[in-house]
Amino acid sequence: MSGKVRIAPSILSADLWRLGEEVADVERGGADWLHVDIMDGHYVPPITFGANVVAALRRHTPLPLDVHLMISEPERHIDAFVQAGADVITVHVESCVHLQNTLSGIRKAGKKAGVVMNPHTPESSLEYVLDEVDLVLVMSVNPGFGGQTFITSQLRKMERVASKVQQRGLTIDLEMDGGIYATNVKSVTDAGANVIVAGTAVFGQSNRAAAIQQLRDAVAG
């Protein structure tokens, strides 16, 4: 695991009418990263944002942009998100025919490469790419929609991923996404995660600074 626990609010839960203000609000509130869910209506049912939104965010926030590609054939779009200013680009095990090649391409472009697993995907899928990634994202809900209920079995998966990382002596960020609130975030970090994606838990609250601090206090407690 790498470094302190980071809070990455997901703009999927923001008020898109006021997106610039929303991002500025969580930035002032102490967010560490900004999580951007890219959905294509094919790999997952909804359609959300594209590289143009990432580029707009990049012009107006210094926060690291954690871009989660929930899209089919992500390798076709890596260059666009690199050019848009993503800092971390994560792709799904399930959507990449040539996963190693896609991850290698992200790194060669000077960005951090992340790999994502859906709840049903075993951690064994990382066996031959773990040494070539900067981040592993374990989904604790099925991808595509915000506000879902946390799937507790994914804590065991995170523990096993963290164990693999430790055994290999790697420095990798371990991220969890989906249904995380102050009531369960401690179990997530105890399992090994050091990056917490928080959608409703932050953007669903009127006081974003207090919401972020509540997550930090729960982790510390």
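Is His92 buried or exposed, and what is its relative accessible area? Let's start there. It's buried, with a relative accessible area of 0%. Before I go on, a reminder that we're looking at a predicted model, so everything I say is computed from that.

So, His92. You'll find it in strand β4, and β4, residues 88–92, pairs with β5 in the parallel sense over five bridges. Across from His92, in β5, stands Val116. β5 itself is mostly covered, with five of its six residues buried.

What's around that histidine? If we skip the neighbours within four places in sequence, His92 is in contact with Tyr43, His68, Leu69, Met70, Leu99, Val116, Asn118, Met139 and Pro143. Two of those are polar contacts, side chain to side chain: Tyr43 at 3.2 Å, and His68 at 2.8 Å. As for Asn118, its C-alpha is 7.7 Å from that of His92, and the two are 26 residues apart along the chain.

Okay, let's move to the helices, and begin with α8. That's residues 208–220, so 13 residues. From first C-alpha to last, α8 reaches 18 Å, close to the 18 Å expected at 1.5 Å a residue. Which residues of α8 are buried? They are Arg208, Ala211, Ile212, Leu215, Ala218 and Val219. These cover an arc of only 120 degrees around the axis, so they end up on the same side of α8. The general background here is that an α-helix has 3.6 residues a turn, so residues three or four places apart point the same way.

And what do the buried residues of α8 pack against? Quite a list: β1 (6–9), α1 (19–28), α6 (185–190), β8 (195–198) and α7 (200–203). At the N-terminal end, α8 is capped by Asn207, with a side-chain oxygen 3.3 Å from the backbone nitrogen of Ala209.

Now turn to α1, since it came up in that list. Leu19, Glu22, Val23 and Val26 are buried in α1. Look down the axis and these buried residues fall within an arc of 95 degrees, so they line one face of the helix. On the other side of α1 you have Gly20 and Arg28, and those are exposed. The cover over the buried residues of α1 includes β1, β2 (34–39), α2 (51–60), α7 and α8. So α8 packs against α1, and α1 has α8 as part of its cover. Right after α1 comes Gly30, which has a positive phi, near 105 degrees.

That brings me to charges. How many salt bridges does the structure hold? There are 16. I'll walk you through three.

Take Arg208 and Glu22: their side chains meet in a salt bridge, 2.8 Å from N to O. This pair links distant parts of the chain, with Arg208 in helix α8 and Glu22 in helix α1, 186 residues apart. Both ends are tucked away, by the numbers: Arg208 has 8% relative accessibility, so it counts as buried, and Glu22, at 2%, counts as buried too. As a general point, side chains of opposite charge can pair when their charged atoms come close.

Next up, Asp32 and Arg216, whose side chains also meet in a salt bridge at 2.8 Å, N to O. Asp32 lies in the loop between α1 and β2 and Arg216 in helix α8, so this pair ties together parts 184 residues apart in sequence. Asp32 is buried, with a relative accessible area of 14%, whereas Arg216 is partly exposed at 23%.

Then there's Asp134 with Arg107, a salt bridge at 3.0 Å, N to O. Asp134 sits in the loop between β5 (112–117) and β6 (135–139), Arg107 is in helix α4 (residues 99–108), and they're 27 residues apart. Arg107 counts as partly exposed, at 35% relative accessibility.

One last thing on charges. Salt bridges that share partners join Arg18, Glu21, Glu22, Asp25, Arg28 and Arg208 into one network. You'll recognise some names: Glu22 is among the buried residues of α1, Arg28 is exposed on the other side of that helix, and Arg208 is among the buried residues of α8.

That's my tour, and I'm happy to pull up any of these spots on the screen.

Terms used: Residues numbered from 1 in each chain as written. Predicted model: local features only at pLDDT ≥ 70, side-chain atom pairs only at ≥ 80, totals over all residues. Heavy atoms only, no water. Helix = DSSP H or I, 4+ residues; strand = E, 2+ residues; numbered from the N terminus. Expected span 1.5 Å × (residues − 1). Buried < 20%, exposed > 50% of the residue type's maximum accessible area, 1.4 Å probe, protein only. Arc of directions from axis to C-beta. Contact = heavy atoms within 4.5 Å. Polar contact = N/O pair within 3.5 Å; in protein donor to acceptor, adjacent residues only side chain to side chain. Salt bridge = Lys/Arg side-chain N within 4 Å of Asp/Glu carboxyl O. Pairing = 2+ DSSP bridges.
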